[in-house]
Amino acid sequence: MSHSSSILRQYEIIAGISSSMLVEARANNWDRVVALGEQYQDAVESLRAMATLSDEDRQARKDLLTKILDDDAHIRMLATPELGRLGMLLGNMKRQQTVLQAYSHTVS
């Protein structure tokens, strides 16, 4: 396998992971999205260690990057409401903790 084709293969792996992340995000499987995100980061780190592509492989890379970025945009769109919900839950927990602390000091 040529060096250029191994680089393109790494982009294909990254694109596959991002597709899987999008499927899991659509299914609200956020734990799986996070686990796949770790695989994604590892794959990107591996790519950084590789050299540049030849001119004839640049279009293939462009198509893969477009797909990866499109998947990323959709995942972010799906994650935004979930992040808002988690923020509200954390805010509620913080308020409950504050109330509990206030009452525990007055009871003592």
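## Notes on a three-helix model

1. Let's begin with one pair of side chains. Aspartate 72 and arginine 76 join in a salt bridge, with 2.8 Å from N to O. Both residues belong to helix 3, where they sit four residues apart, or about one turn of the helix. Aspartate 72 is partly exposed at 29% relative accessible area, while arginine 76 is exposed at 55%. Keep in mind as you read on that this is a predicted model.

2. Now step back to the whole chain. How many helices and strands does the protein chain have? The count is three helices and zero strands. Reading from the N terminus, the order of elements is simply α-α-α. Helix 1 covers residues 3-26, helix 2 covers residues 30-48, and helix 3 covers residues 58-107.

3. Next, the overall shape. The protein chain has a radius of gyration of 21 Å, whereas a compact globule of 108 residues would come in near 13 Å. The box that holds the C-alpha atoms tells you about the proportions: roughly 75 × 25 × 20 Å along the principal axes.

4. What about surface and interior? Of the 108 residues in the protein chain, 27% are buried. The accessible surface adds up to about 7,700 Å², and carbon and sulfur atoms own 58% of that.

5. Contacts are worth a look too. Take the contacts in the protein chain with a separation of 6 or more: 79% of them involve residues 24 or more positions apart. Points 6 and 7 give you two residues to check this kind of thing on screen.

6. Find leucine 36 in helix 2. Is leucine 36 buried or exposed? Its relative accessible area is 4%, so leucine 36 counts as buried, the cut-off being under 20%. Setting aside neighbours within four places in sequence, leucine 36 is in contact with Ile17, Ser20, Met21 and Glu24. If you want a distance to try, the C-alpha atoms of leucine 36 and isoleucine 68 are 14 Å apart, with their positions 32 residues apart along the chain.

7. Aspartate 71, in helix 3, is a charged residue to pause on, since Asp is counted as negative. Aspartate 71 has a relative accessible area of 5%, so this residue is buried. Which residues does aspartate 71 touch, once those up to four places away in sequence are left out? The list is Ala15, Ser18, Ser19 and Leu22.

8. Back to charges in general. The protein chain carries 12 positive and 14 negative side chains, and 7 Å separates the centres of the two sets. Side chains of opposite charge can pair when their charged atoms come close. In this structure there are four salt bridges, and you have already met one of them, between aspartate 72 and arginine 76.

9. Another salt bridge links glutamate 12 with arginine 9, where the closest N and O atoms are 3.4 Å apart. The two residues are three apart in helix 1, so about one helical turn separates glutamate 12 from arginine 9. Glutamate 12 is partly exposed at 37% relative accessibility, and arginine 9 is partly exposed as well, at 41%.

10. In helix 2, look for arginine 48 and glutamate 45, whose side chains meet in a salt bridge at 2.3 Å, N to O. These two are three residues apart, about one turn of the helix. Arginine 48 is exposed, with 59% relative accessible area, and glutamate 45 is partly exposed, with 46%.

11. Don't skip the loops. Asparagine 28 is in the loop between helix 1 and helix 2. What is the phi of asparagine 28 near? The value is near 60°, which is positive, and the residue is not glycine. For background, most residues other than glycine have a negative phi. Asparagine 28 is also exposed, at 51% relative accessibility.

12. The other loop to visit lies between helix 2 and helix 3, and aspartate 55 is found there. Aspartate 55 is exposed, with a relative accessible area of 61%. How far apart are aspartate 55 and valine 34, C-alpha to C-alpha? They are 34 Å apart in space and 21 residues apart in sequence. As a last exercise, set aspartate 55, exposed at 61%, beside aspartate 71, buried at 5%, and find both in the model.

How values were computed
Residues numbered from 1 in each chain as written. Predicted model: local features only at pLDDT ≥ 70, side-chain atom pairs only at ≥ 80, totals over all residues. Heavy atoms only, no water. Rg over C-alpha atoms; globule rule 2.2 N^0.38 Å. Buried < 20%, exposed > 50% of the residue type's maximum accessible area, 1.4 Å probe, protein only. Contact = heavy atoms within 4.5 Å. Areas by Shrake-Rupley, 256 points an atom, 1.4 Å probe, with all protein chains shown as cover. Charge placed at Lys NZ, Arg CZ, Asp CG, Glu CD.
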